[in-house]
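Visitor: I'm new to reading protein models. Could you walk me through this one?

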Amino acid sequence: MKEISLWAAGRQYLRGHSKGVLLYCIFAGVFALVFYLYQLPAEAVLYAALLCAVLGLLVLTADFHGYYQRCRVLRDLRKQIMFSLEGLPEAKGLLEEEYQELIAALYRDKIRLVSRADNERSDLVDYYTLWAHQIKTPIAAMGLLLQSLPLAEDRSTAQSMEQNSELAMELFKIEQYVEMVLQYLRLESPSSDFVLKRYALDDIVRQAVRKYAKMFIRKKIILDFSQLNCDVLTDEKWLVFVIEQILSNALKYTQEGKISIYMARDGTKTLVIADTGIGIAGEDLPRVFEKGFTGYNGRRDKKSTGIGLYLCKRILTKLSHTIVIEGEPGKGTKVKLGLDTVDTVLE
């Protein structure tokens, strides 16, 4: 916050006391005129004017010092006014008392609104958390029913197997969206459970790849996974979630070709996930991490929620990692995760 300068305070003070200064000048002129009309010596007029000016300057200086100190106190209070009204300077006069009462009334109203909003948000988070956990039960039951359908009804034709496979894949997507809801709620919580340890990056990537193995097979997408041989200081659960989201996007927008996972060859701990999919329009690249932004691809295919990359960015920032996305329409997309961790305090 910028410190208030003496010059700026002096200008404001004189502007606020301009009427008093003008009145003093008028009185001095009246006295000078009276002295002149009575033909009194000029020395007496000058002495009286000088004496009044010195006394007035002393009074103004003392008053300005108090004014400047009060300005500094009020400027410092701006840092804590969101939490407490303690420290307000003593009101001088009825007008300042009324202003302070007005500030206090606004503060009480703000506290009431904030408290109500916090309670409503807490109730909403509790509801969605409960819903996300409860919906997992019917999803798991539907998965078991799908696995048993061919045997139970003896439907062994290729068409029925294909339909079951399609249903299983859509059910898998539903499960992923539910998991995204849970991760979103956990990330927005002030007590996000980040636990930093050193992990083998190969193990983390394999967890994500195994989750999407069936989708790789179904879409006949080749996985080019080079040995990473890299340890990173991170949170395993959250980094796995990030890689899963990136793989999900790569599979969603890649109809044929391959997805490659490898370490950048620039000497840094940068994990690269590249695909041969439809790519990203240049005008969309600067906004891909914005909350709710779907871009041209999302609007065209109606498949994007605009939440996945936003969550990835938030998570990686909290882990002191970075993410960069490169791509061109028709030439695929390349996601670079910078996993060099610096010593920062998680916000």
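Visitor: How many bridges join strand 2 to strand 4, which run parallel?
Guide: This is a predicted model, where local features need pLDDT of at least 70, side-chain atom pairs count only at pLDDT 80 or more, and totals for chains, interfaces and linings use all residues. Residues are numbered from 1 along each chain as its sequence is written, and side-chain values use heavy atoms, with hydrogens and water left out. Helices (H or I, at least four residues) and strands (E, at least two) are DSSP runs numbered from the N terminus, and two strands pair if DSSP finds at least two bridges between them. Strand 2 and strand 4 (residues 258-263) run parallel, and the number of bridges joining them is four.

Visitor: Which residue in strand 4 is the bridge partner of F225?
Guide: Strands of a sheet pair through backbone hydrogen bonds, either parallel or antiparallel. For F225, the bridge partner in strand 4 is I261.

Visitor: Which strands stand at the edges of the sheet?
Guide: The five strands form an open sheet with mixed pairing, in the order 2-4-5-7-6. Each edge strand has a single partner, so one side of it is left without a neighbour in the sheet. The ones at the edges are strand 2 (222-225) and strand 6.

Visitor: Which residue does E326 meet in a salt bridge?
Guide: A salt bridge here is a side-chain nitrogen of Lys or Arg within 4 Å of a carboxyl oxygen of Asp or Glu. E326 has its salt bridge at 3.2 Å, N to O, and the other side chain is that of K336. This pair links distant parts of the chain, ten residues apart: E326 sits in strand 6 (residues 322-327), and in strand 7 (residues 333-338) you find K336.

Visitor: Is E244 buried or exposed?
Guide: The side chains of K211 and E244 meet in a salt bridge of 3.4 Å, N to O. K211 is in helix 6 (residues 201-211) and E244 in helix 8 (residues 236-252), so the pair ties together parts 33 residues apart in sequence. Buried means under 20% relative accessible area, exposed over 50%, and partly exposed in between (1.4 Å probe, protein chains only). With a relative accessible area of 7%, E244 is buried.

Visitor: How many residues apart are D109 and R112 in helix 4?
Guide: D109 and R112 meet through their side chains in a salt bridge of 2.5 Å, N to O. D109 is partly exposed at 32% relative accessibility, and R112 is partly exposed too, at 45%. In helix 4 (residues 94-153) the two are separated by about one helical turn, because their spacing is three residues.

Visitor: Where does N229 lie?
Guide: Most residues other than glycine have a negative phi. N229 has a positive one, near 50°, and counts as exposed at 63% relative accessibility. It lies in the loop between strand 2 and strand 3 (231-234).

Visitor: And S320, is that one buried or exposed?
Guide: Phi of S320 is also positive, near 65°. S320 is placed in the loop between helix 10 (308-318) and strand 6. At 14% relative accessibility, S320 counts as buried.

Visitor: How much of the chain over residues 21-38 is helix?
Guide: The unreviewed UniProt entry has the annotation "transmembrane region" for residues 21-38 and 44-68; such annotations are in the numbering used here with shortened feature names, and may be inferred rather than shown by experiment. Over residues 21-38, the end C-alpha atoms are 26 Å apart, strand makes up 0%, and helix makes up 94%.
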